[in-house]
Amino acid sequence: MAHSHKDAKAGADQGDENLLALILQILDSADKPESKPRFVHEVLSRLSGLVECELITIRLGRNDDLERCQAILHSSGAYRFQNVRTAENPSSGDRGPAEEGLIPHLIPEDHWPTETFYWTEKEDRSGGLSSCGYWSDWLDAKRTGTGVKTVLASPFSYHRGLNGIIAFGFSSLDRPDQEDRYYIGQIGPFLGLSLNNWHSFASLRERVKELSCLYGLAQLLDPPGRSIEEILEGVAQLLPPAWLYAQEASARISYEGREYLSRPYHSGEQRQTAALKIHGRRTVGEVTVSYATPKPALDEGPFLAEERKLLDNVARQVGQYIERSLYETEKAEIMDKLRHADRLAMIGRLAASMAHEINEPLTSILGYAQLAEKHPDLPSQVAKDIGKVVATSLHMREIIRKTLIYARKIPPKESRLDLNEAVREALDLFGWLCHKEGIVTLFEPSDQPLPLLADPGQIRQVITNLIVNAIQAMPHSGQLRVSTNGDPQWIWFTVGDTGQGMTEDVVDKMFIPFFSTKETGRGTGLGLSVVHEIVSEQGGVIEVKTNPGQGTEIAVKFPRSPARAGEC
C-alpha cells in the first residue's frame, strides 16, 4: 500500500474502500462467461493494482477441475498460467504473453500451508510452518535473480473444500508491513468466494448450454416428415456449442456408412462417443464429439460427466427417431402391398365376370365360323378368311380361359411339355404381326429338349405375354430375340427387344396390373402381372436386364425336377 498518507485513519478508511472495490470487481469478474485462466488473470491484474509487490502467484489445489493450476503475474505485466499434472511431468495449459520459464513461482509445488505465513531473508516469521533455511535454499537454487526478499502467502478454500494458495513477493525487506498483511489476509477468503461463484456460474452456463441443445433437439425432432438425413445433419450442428470448449469442439455422426459433420469440422484425438441403437440393441452408427487440440483431463478425459449424460441422451433420442422412421417406412410399404392385393382381388373378380360375358357370344361366333368352314362350295379366299376367324376365335377363347385361371375360376391342369416347342408355337402365332410391324424375329432354341411339368396353357400364356410386351416396345420396327436353354437345376427362355428400354422405377412396377409409364402412356395391362403370378406359382424366377434407349431382356426360369428330367 502507499505510505504517504498524512492521516493514518484516513489512510485506513481509504484502504478499506479500495479493498471493498477490489472485492466487488473480483466478484463481478466471476460472473462473466470467461474461462478459468482468463478469470484468474483478471484477479491477479486487479490485485496488482491494490498491492505494490514484485510478484503475485495463485495456485489452485489438487483435484481441481483443471487439475493443479498455477498463475503468476510479474510487476512488469508478464503473465503465465500453467496446468500441472504432477511435479515431475507438467503439462502446459493456456498462457499469457510471457515465455515459459520466464517468471518463477513463489511457493514450492509440494508445499501446501494450512494458514497464512510470512517469510523474509532476515528471519523466519512463518510460525514454524517452514524454516528460514528451507525457503532460503529454495529461492537461491531455483529462483535466482527474482529480486524477491520477502514472501507473504495465504491459503484459502473453494469449490467443495479444495485448497488454494495466493502468495505475494516483495523486493524490499521492509515490506510487507502490518497494513499489507491485514489486507492480504482479507483477500484470501474473498478469493475463495469468488472462485466458488465462478464454478457456480460456469456450471450454470454449462447446464444452460446442455438444455439449449436438448431444446434444439426437441424442435428438430418434432415436425413430422423430416428425413433421417436432415435430422442427423441438424444434430451434428447442435452438439459442439453445448460442450465446454465450444470453439474447438466438432461433432461427427455416422449412420449406415455415411458421415454427417458439424461445420467447421476439426478432427482431434480426444473424443467422446455414444452408439446409435435401434430396438434397444442393434447398433446402426455412432455420435462423436472431439476437440481440435488437447485439453486437460476432467471427469472423462477432457469431458465433463454432464456431457457424457447429454451425449447418451442425444444418441438415445436420435436412435428412437430412426427407429420410428424405419417403422413408418415399413408400415407404408405394407399398406401399399395390402392396397395392391385388394386391387388385384377386385381386378380378378372383374376379369372373371367379363370373361363369362364375352365367352358366350364368342362361342356362337366360333361355332358358326366352323360350320361355314365346312361348306363345300366356298370360294378359296372366303374359306381362307373364315379360317382366320376360327383361328382368332380359338385364340380369344384361350385368352379368356387363361384369364379365368388367373382369377382362380379354373384350376390349372399339369401335364408334360417341351419348352422349346411351346416357344416355337408362340412365335408362329405372332409371325404375321412381326412381319407387319417390320420386326425381325431371331429364335435360338436349345440343342436338348427342355421338359417341364406344368399347365401348358399357363406356360404358353407366359411366353405369349412376354412376346407381346416386346413387340409393343418396338412400335417402329426392331429385332425380337428369343432363346431357350437349361442346366441341371433350371430351364429357361429369354425374350429380348431393341426398344426404348426401361428405368429402374418402371422395372420395379412393371408387374403391377395396368401400370403405364408417364413418358409413353403405354400400359402393361394384365399381361405381365399374369406372368409374375404364374411364374411365382411354379417356383420360378424372373430376371430383367434393361438399359434406357437400348432395349430390354427378360428371362424366365423354371426349376427342373431331377426325377422327371428327360420326360417329354
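The questions below concern a predicted model of one protein chain and the labels given to its parts.

Q: How many helices and strands does the protein chain have, and how much of the chain counts as buried?
A: The chain has 12 helices and 19 strands. Of its 568 residues, 43% count as buried, where buried means under 20% relative accessible area. The accessible surface comes to about 30,300 Å², and 52% of that belongs to carbon and sulfur atoms.

Q: What share of the contacts between residues at least 6 apart in sequence joins residues at least 24 apart?
A: That share is 65% in the protein chain. A contact here requires heavy atoms within 4.5 Å.

Q: What makes β14 and β18 the edges of their sheet?
A: The sheet is open and has five strands in the order β14-β16-β17-β19-β18, with mixed pairing. β14 (439–444) and β18 (541–547) each have a single partner strand, so one side of each is left without a neighbour in the sheet. Neighbouring strands in this sheet are turned by 10° against each other on average, direction ignored.

Q: How do you know that β14 and β16 pair, and in which sense?
A: Two strands pair if DSSP finds at least two bridges between them. Between β14 and β16 there are six bridges, in the parallel sense. Phenylalanine 443 stands opposite valine 482 in β16.

Q: How do you know that β16 and β17 pair, and which way do they run?
A: The threshold is at least two bridges, and six bridges join β16 (residues 478–486) to β17 (residues 490–496). The two strands run antiparallel. Bridge partners include asparagine 485 with tryptophan 492 in β17, and serine 483 with threonine 494. β16 and β17 form a hairpin with three residues between them.

Q: Which helix packs on the sheet with β14, β16, β17 and β19 (551–559), and at what angle to β17?
A: Helix α10 (residues 456–472) touches these four strands, and its direction makes about 25° with that of β17.

Q: Why is α8 called oblique to α10?
A: Helix α8 (residues 419–429) and α10 pack at an angle of about 45°, with their axes 9 Å apart. Angles under 35 degrees count as roughly parallel and 65 to 115 as roughly perpendicular, so a value outside these ranges and not over 145 is oblique. The angle found here therefore makes α8 oblique to α10. The crossing is right-handed. On the α8 side the contact is made by Leu419, Ala422, Val423, Glu425, Ala426 and Leu427, and on the α10 side by Ile459, Arg460, Ile463, Thr464 and Ile467.

Q: What makes β9 a strand that is mostly covered?
A: Seven of the seven residues in β9 (residues 249–255) are buried, and buried requires under 20% relative accessible area. Both faces are covered: one carries Ala249, Ala251, Ile253 and Tyr255, the other Ser250, Arg252 and Ser254.

Q: Which strands are joined to β9 by bridges, and which residues are partners of arginine 252?
A: Seven bridges join β9 to β12 (residues 282–291), and four join β9 to β10 (residues 258–261). Both counts meet the requirement of at least two bridges. The strands run antiparallel in the pair with β12 and in the pair with β10. Arginine 252 has threonine 288 as its bridge partner in β12 and leucine 261 in β10.

Q: What is notable about phi of glutamate 256, and is the residue buried or exposed?
A: Phi of glutamate 256 is near 50°, a positive value in a residue other than glycine. Most residues other than glycine have a negative phi. Glutamate 256 lies in the loop between β9 and β10, which form a hairpin with two residues between them. Its relative accessible area is 55%, so glutamate 256 is exposed, the cut-off being over 50%.

Q: Why does serine 477 count as partly exposed?
A: Relative accessibility of serine 477 is 37%. Partly exposed is the class between under 20% and over 50%, so serine 477 falls in that class. Serine 477 sits in the loop between α10 and β16, and its phi is near 70°, again positive in a residue other than glycine.

Q: What omega goes with the cis peptide bond that joins arginine 263 and proline 264?
A: Omega is about -5° for this bond. Most peptide bonds are trans. Proline 264 is in the loop between β10 and β11 (270–278).

Conventions:
Residues are numbered from 1 along each chain as its sequence is written. This is a predicted model: local features need pLDDT of at least 70, side-chain atom pairs count only at pLDDT 80 or more; totals for chains, interfaces and linings use all residues. Side-chain values use heavy atoms; hydrogens and water are left out. Axes are lines fitted to C-alpha atoms, for helices over the stretch in contact, and angles run from 0 to 180 degrees between N-to-C directions. Buried means under 20% relative accessible area, exposed over 50%, partly exposed in between (1.4 Å probe, protein chains only). Accessible areas come from the Shrake-Rupley method with a 1.4 Å probe; for residues, only the protein chains shown count as cover. A crossing is left-handed if the near helix is turned anticlockwise from the far one by less than a right angle, and right-handed if clockwise.
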